[in-house]
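Work through the exercises below with the model open. Each task is followed by a solution in steps.

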2 protein chains.
Amino acid sequence: MGIRETAMIMKQEAPLMAFRSGEEKNNALRAVAEALRGQKEEIFRANKEDLERAEKEGVPVQIRKRLAMDAKKLEGVCDGIEALISLPDPVGKVSLHRELDKGLVLRRISCPIGVIGVIFEARPDALVQISSLCIKSGNTAILKGGKETASTNSTLYRIIHEAGTGAGLPEHFLELAQTHSEIDELLKCDREVDLLIPRGSNRFVRYIMEHTNIPVMGHSDGICHIYVDRKADPEIALQVITDAKTQYPVACNTVETVLADREIADTFLPLLAGAMKRAGVRIHADDETLEILRRGCPEETAAEFIRIEEADYHTEYGDLDLSVKVVEDTARAAEHINRYGSHHTDAIITEDDAAAAFFMRMVDSAGVYRNVSTRFADGFRYGFGAEVGISTGKLHARGPVGLEGLVTYKYELTGNGQIVGDYASGRSSFHFREIDI
Amino acid sequence: MGIRETAMIMKQEAPLMAFRSGEEKNNALRAVAEALRGQKEEIFRANKEDLERAEKEGVPVQIRKRLAMDAKKLEGVCDGIEALISLPDPVGKVSLHRELDKGLVLRRISCPIGVIGVIFEARPDALVQISSLCIKSGNTAILKGGKETASTNSTLYRIIHEAGTGAGLPEHFLELAQTHSEIDELLKCDREVDLLIPRGSNRFVRYIMEHTNIPVMGHSDGICHIYVDRKADPEIALQVITDAKTQYPVACNTVETVLADREIADTFLPLLAGAMKRAGVRIHADDETLEILRRGCPEETAAEFIRIEEADYHTEYGDLDLSVKVVEDTARAAEHINRYGSHHTDAIITEDDAAAAFFMRMVDSAGVYRNVSTRFADGFRYGFGAEVGISTGKLHARGPVGLEGLVTYKYELTGNGQIVGDYASGRSSFHFREIDI
């Protein structure tokens with residue numbers, strides 16, 4: 001069966017999945033966690049096959065680390081499932097309840113999105129994480145993993161599918177696409193698939209976004225900034241920048257550019273250069289900024305700076321590299337961020353309330369921070385319990401996306417024969433009375 | 001200046017527009033309504049030019065009616081602006097306020113989407129309506145109207161722009177694209193334009209959706225259904241169907257297909273045929289349904305039925321035509337609707353609570369109704385005060401879209417130097433405490 005036929009069946013079955021009770025979904029999640037723990041040896045065996053093949057094929061060791069599914073990662077995803085069980089059911093929440101006229105009652109009620117296509121490179125733990133999020137939110141999902149973890153993926157899929165259907169979920173609540181050509185087929189299923197969630201490299205996510213008419217939730221770039229204002233506490237600035245750059249350099253919420261207010265550039269930039277040198281971070285800067293940096297730094301530090309052009313400020317290094325630039329003021333900082341950033345997460349370091357408020361208004365990003373590391377942009381750290389991903393789109397869900405991002409709503413209107421003709425002619429009229437939810 | 005350069009400037013100015021206070025925006029709206037009323041003669045003069053040109057070019061009279069901007073329509077849009085002024089400001093609402101740890105506070109706060117591209121055919125009143133919605137929601141907008149109303153559009157634009165900037169809105173809060181080629185240029189501005197709202201024919205909206213990577217809010221099809229259950233009150237069924245079909249046949253929320261439960265088909269279908277004949281509605285049906293219809297109807301009525309195939313049930317007539325089909329039960333009705341409908345608005349007629357609940361769960365549409373006309377699917381009738389349009393997409397906004405659909409949110413995180421390293425190492429930990437909003 002092709003992916004489109006599968007998707008069509010899922011579309012028809014989606015309403016059956018949609019209104020499983022919270023208890024049924026939690027039971028299924030419990031069964032999934034138990035089955036994963038009970039069949040862990042099979043998972044590790046399948047993963048070993050994948051890792052050995054990857055080694056033979058010369059896959060670099062850092063990537064092989066991401067392919068691994070060891071006891072610690074498995075325990076992590078099972079803990080995640082238990083955290084998910086403890087969260088309230090996101091489906092069936094009434095967000096509007098209004099009597100339009102006597103006997104004519106409108107309700108807006110949350111419901112699953114329907115059929116979700118999940119496409120991920122490497123990271124088999126993402127398969128488990130997103131499958132459980134889809135179960136909790138009542139969505140059906142088609143999974144497409146990378147070929148590097150084909151054995152691990154099909155073992156995980158089989159275990160989750162067995163446990164889920166065993167606990168009473170519909171036969172087609174979860175499907176796994178097996179061959180690579182199916183990605184392109186999946187991208188064309190815009191009548192069957194309601195949402196795509198890609199997880200992987202920037203290039204991979206961008207490819208998905210550019211080759212489908214299905215809505216895509218995610219982010220391709222993470223070009224985050226920290227602006228050091230004239231009223232910044234330099235100690236806070238250095239500790240926040242060091243954390244945001246070095247705590248996990250490949251993450252999308254890592255800082256890529258530090259902007260410094262010209263008024264404090266002469267004193268602050270040499271301090272920054274020293275701290276970055278100690279942390280093993282290479283500094284990239286334009287001519288103007290380099291001049292200030294060089295004036296204040298010892299020669300051997302200055303020799304290591306890398307000269308860049310204006311356009312290079314649109315770079316996501318994903319490594320121990322940092323762009324630095326001097327700007328006139330908070331307004332220019334916001335302008336630079338809105339132009340060169342990726343609308344992900346940007347911070348100001350300042351003790352000045354007015355500057356902070358201005359910055360947080362002017363910067364058009366999912367996260368606007370004051371005096372904290374950009375690395376906090378994460379569903380777990382926001383207290384969402386679980387995370388689908390981080391969205392840099394502005395519609396539907398923005399920033400770290402939890403279960404709320406996997407539901408939509410429908411309007412239910414009930415009456416006893418009301419017709420619009422009576423309201424158009426003036427025989428009836430609306431009175432709009434809110435009803436307690 | 002090309003449309004992309006204009007859009008880039010608007011993108012930079014959008015944050016200036018974004019945080020105008022509710023009062024500033026209401027003052028601007030008041031100035032706009034006053035200016036429109038004060039300069040109505042100019043508007044009518046420009047509209048007369050357009051109408052005369054259209055007549056010369058042989059534009060059909062029904063379309064010329066939609067091009068007209070007369071005293072009644074102008075008063076209507078000005079009343080609409082006043083209704084908008086009375087609504088609460090949708091920007092700056094806090095929907096989440098949480099202390100993640102001591103001194104580390106997260107807020108989710110509503111904000112405008114940014115730069116909105118509005119593309120509309122004919123209907124100059126839509127220009128005024130959407131411009132005022134954008135002002136109220138703090139968005140900047142690029143307008144592209146049809147060439148048929150070029151004079152009216154540029155007059156309306158000039159008046160709104162003068163009044164808005166006169167009341168202190170930023171210079172580029174509203175722009176008008178003048179030439180036709182600019183549509184295709186606008187569709188490519190996916191880095192500058194955050195959302196497109198097309199208003200016009202199905203074909204027009206579908207063209208926009210298929211030719212851009214910018215998110216599009218709207219609907220191309222409106223294939224609405226009414227299912228008459230075995231426990232239906234036939235009187236309610238007939239009055240609701242007649243209203244839903246004839247009250248305004250070209251509207252997107254008009255019923256296109258009536259499904260009848262096989263158990264009551266023999267008695268109900270002849271009644272329906274009679275009522276439709278009196279209302280001037282042509283009935284289209286498949287062989288099986290035709291047989292039942294013919295058995296119960298006088299010969300001269302039966303002679304007028306039109307035979308259709310299964311695939312024809314995916315038809316939006318937009319005229320006094322109605323597809324009719326017999327189905328086994330509520331589940332088959334929902335299946336038919338999910339397959340052939342457009343996920344807009346669908347109704348069940350029944351006195352049976354269980355059947356109604358089942359139908360409303362299984363039907364995957366923005367509006368699921370019981371015992372009322374599908375024509376109620378409308379922002380004004382839902383009490384939203386103003387309507388951007390109706391969305392058949394499932395993400396962001398679904399169904400009739402009011403001001404809420406024109407805002408997104410951002411996360412603000414404030415602290416005093418917190419770094420992720422401390423939480424990763426276990427030195428600090430989150431305590432997640434909700435703060436009153």
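**Exercise 1.** By what turn and what shift along the axis can chain A be laid on chain B?

*Solution.* The model is predicted: local features need pLDDT of at least 70, side-chain atom pairs count only at pLDDT 80 or more, and totals for chains, interfaces and linings use all residues. Residues are numbered from 1 along each chain as its sequence is written, while chains are lettered from A and ligands numbered from 1 in the order in which they are written.

Step 1. Superpose the copies by least squares on the C-alpha atoms of residues with pLDDT of at least 70 in both. A turn of 180 degrees and a shift of 0.0 Å along the axis lay chain A on chain B, with an RMSD of 0.0 Å.

Step 2. The two copies are therefore related as by a two-fold rotation axis.

Step 3. Within chain A, A:His396 has the C-alpha nearest the axis, at 1.8 Å from it.

**Exercise 2.** Describe the contact between chain A and chain B.

*Solution.* Step 1. Count residues in contact (C-beta atoms, placed from the backbone, within 7 Å). Chain A supplies 64 residues and chain B supplies 64 residues.

Step 2. On the side of chain A that touches chain B, strand β16 (residues 407-414) of chain A gives the most, with 7 residues. Strands here are DSSP runs of E, at least two residues long, numbered from the N terminus.

Step 3. Sort that side of chain A by residue class: 30 are nonpolar, 20 polar and 14 charged. Ala, Val, Leu, Ile, Met, Phe, Trp, Tyr, Cys and Pro count as nonpolar, Asp, Glu, Lys and Arg as charged, and the others, Gly among them, as polar.

Step 4. Look for pairing across the contact (at least two DSSP bridges between two strands). β16(A) pairs with strand β13 (residues 367-370) of chain B in the parallel sense, over 4 bridges. Opposite A:Thr414 stands B:Arg370 in β13(B).

**Exercise 3.** Is strand β6 (residues 195-199) of chain A enclosed or open?

*Solution.* Step 1. Take a residue as buried if 20 or more other C-beta atoms, placed from the backbone, lie within 10 Å of its own. By that count 5 of the 5 residues of β6(A) are buried, so the strand is largely enclosed by the rest of the structure.

Step 2. Check each face. A:Leu195, A:Ile197 and A:Arg199 are buried on one side, and A:Leu196 and A:Pro198 are buried on the other.

Step 3. Find a partner. Strand β3 (residues 115-120) of chain A pairs with β6(A) in the parallel sense over 5 bridges, and A:Ile116 stands opposite A:Leu195.

Notes. Contact = placed C-beta atoms within 7 Å. Buried ≥ 20, exposed ≤ 12 C-beta atoms within 10 Å, placed from the backbone.
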